[in-house]
Structures are given as C-alpha cells and as structure tokens.
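Let's take a walk through this protein together. Have the sequence and the 3D view open, and follow along one residue at a time.

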Amino acid sequence: MRSVAFSPDGQILASGGHDGIIKLVDVKTGEDIKTLRALRPYEGMNITGVTGLTEAQRSALIALGSVASN
C-alpha cells in the first residue's frame, strides 16, 4: 500500500498502491465499495503473431497490459 485517505465525512477510506489500483472501503462495515484501476499503457493491445520481439520485450509488453495467445 502506498497511501490512504478518508473522505471528508469519514465514511469512506481510499487506499492506493504501486499497482495503480485504488480501493474504496466503507469504514463502518469494512466492505469494498469500489475498485478502480488505471489503464496500463498497452492495455488490450494484441501482440499475437508480432515478430522481432525478444522474450524480455514480449514479457514487458504483457506486464504493461498487452495480450498474446499461445
């Protein structure tokens, strides 16, 4: 976890981390209200069949959100 903050009325806790995910939690019940995730730079880009990539480049693109089928 990287940071936390309460809503002005103290009812909701927001937490964010290095993974780009923000969670909103109801303080009274501890239940998740919503999970927000920032889009990664290559989110959804299909790299299936792309040639000329090293395995490291392919792995990096997948970590950044691209997809590849085997």
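Start with Arg37 and Glu43, which form a salt bridge: their closest N and O atoms sit 3.3 Å apart. Keep in mind as you look that this is a predicted model. Glu43 also has a salt bridge with Arg40, and here the closest N and O atoms are 3.0 Å apart. Put those together and you get a network of salt bridges linking Arg37, Arg40 and Glu43.

Are these charged residues buried or exposed, or something in between? Arg37 has a relative accessible area of 44%, so it counts as partly exposed. Glu43 is partly exposed because its relative accessible area is 32%. Arg40 also comes out at 32% relative accessibility, so the label is again partly exposed. To be called buried, a residue would have to be under 20%, and to be called exposed, over 50%.

How many salt bridges are there in the model? The count comes to three. You've met two of them already, so let's visit Asp32 and Lys23, which form a salt bridge with their closest N and O atoms 3.8 Å apart. A salt bridge needs the nitrogen within 4 Å of the carboxyl oxygen, so a separation of 3.8 Å makes the cut. Asp32 is partly exposed because its relative accessibility is 49%. Lys23 gets the partly exposed label too, since its relative accessible area is 33%.

Now zoom out to the strands. Strand β3 covers residues 21–26 and strand β4 covers residues 32–37; they run antiparallel and five bridges join them. Within that pairing, Ile22 stands opposite Leu36 of β4. What connects the two strands? They form a hairpin, with five residues between β3 and β4. Look for Gly30 in the turn: its phi is positive, at about 80°.

On to another partner of β3. Strand β2, residues 12–16, pairs with β3 in the antiparallel sense, again over five bridges. Here, Leu13 has Val25 of β3 as its bridge partner.

Why can strands line up like this? Strands of a sheet pair through backbone hydrogen bonds, and they can do so in a parallel or an antiparallel way. In this model, four strands make an open sheet in the order β1-β2-β3-β4, with antiparallel pairing. At the edges you'll find β1 (3–6) and β4, each of which pairs on one side only. From one strand to the next, the twist averages 15°.

Let's pause at one residue of β3, namely Leu24. Which residues does Leu24 touch, leaving out those up to four places away in sequence? The list is Ile12, Leu13, Ala14, Glu31, Asp32, Ile33 and Lys34. Leu24 is still partly exposed, because its relative accessible area is 23%. If you'd like a distance to check, the C-alpha atoms of Leu24 and Leu36 are separated by 8.2 Å, and these residues are 12 apart along the chain.

Our last stop is on the surface. Tyr42, Met45 and Leu64 form a nonpolar patch there, and together they have about 250 Å² of accessible area. Where does Met45 sit? You'll find Met45 in the loop between β4 and α1 (55–63). With 40% relative accessibility, Met45 counts as partly exposed.

Terms used. Residues are numbered from 1 along each chain as its sequence is written. This is a predicted model: local features need pLDDT of at least 70, side-chain atom pairs count only at pLDDT 80 or more; totals for chains, interfaces and linings use all residues. Side-chain values use heavy atoms; hydrogens and water are left out. Two strands pair if DSSP finds at least two bridges between them. Patches are made of residues with over 30% relative accessible area and no salt bridge: like charges are joined within 9 Å, nonpolar side chains (Val, Leu, Ile, Met, Phe, Trp, Tyr) within 5 Å. Accessible areas come from the Shrake-Rupley method with a 1.4 Å probe; for residues, only the protein chains shown count as cover. A salt bridge is a side-chain nitrogen of Lys or Arg within 4 Å of a carboxyl oxygen of Asp or Glu. Buried means under 20% relative accessible area, exposed over 50%, partly exposed in between (1.4 Å probe, protein chains only). Axes are lines fitted to C-alpha atoms, for helices over the stretch in contact, and angles run from 0 to 180 degrees between N-to-C directions. Contact means heavy atoms within 4.5 Å.
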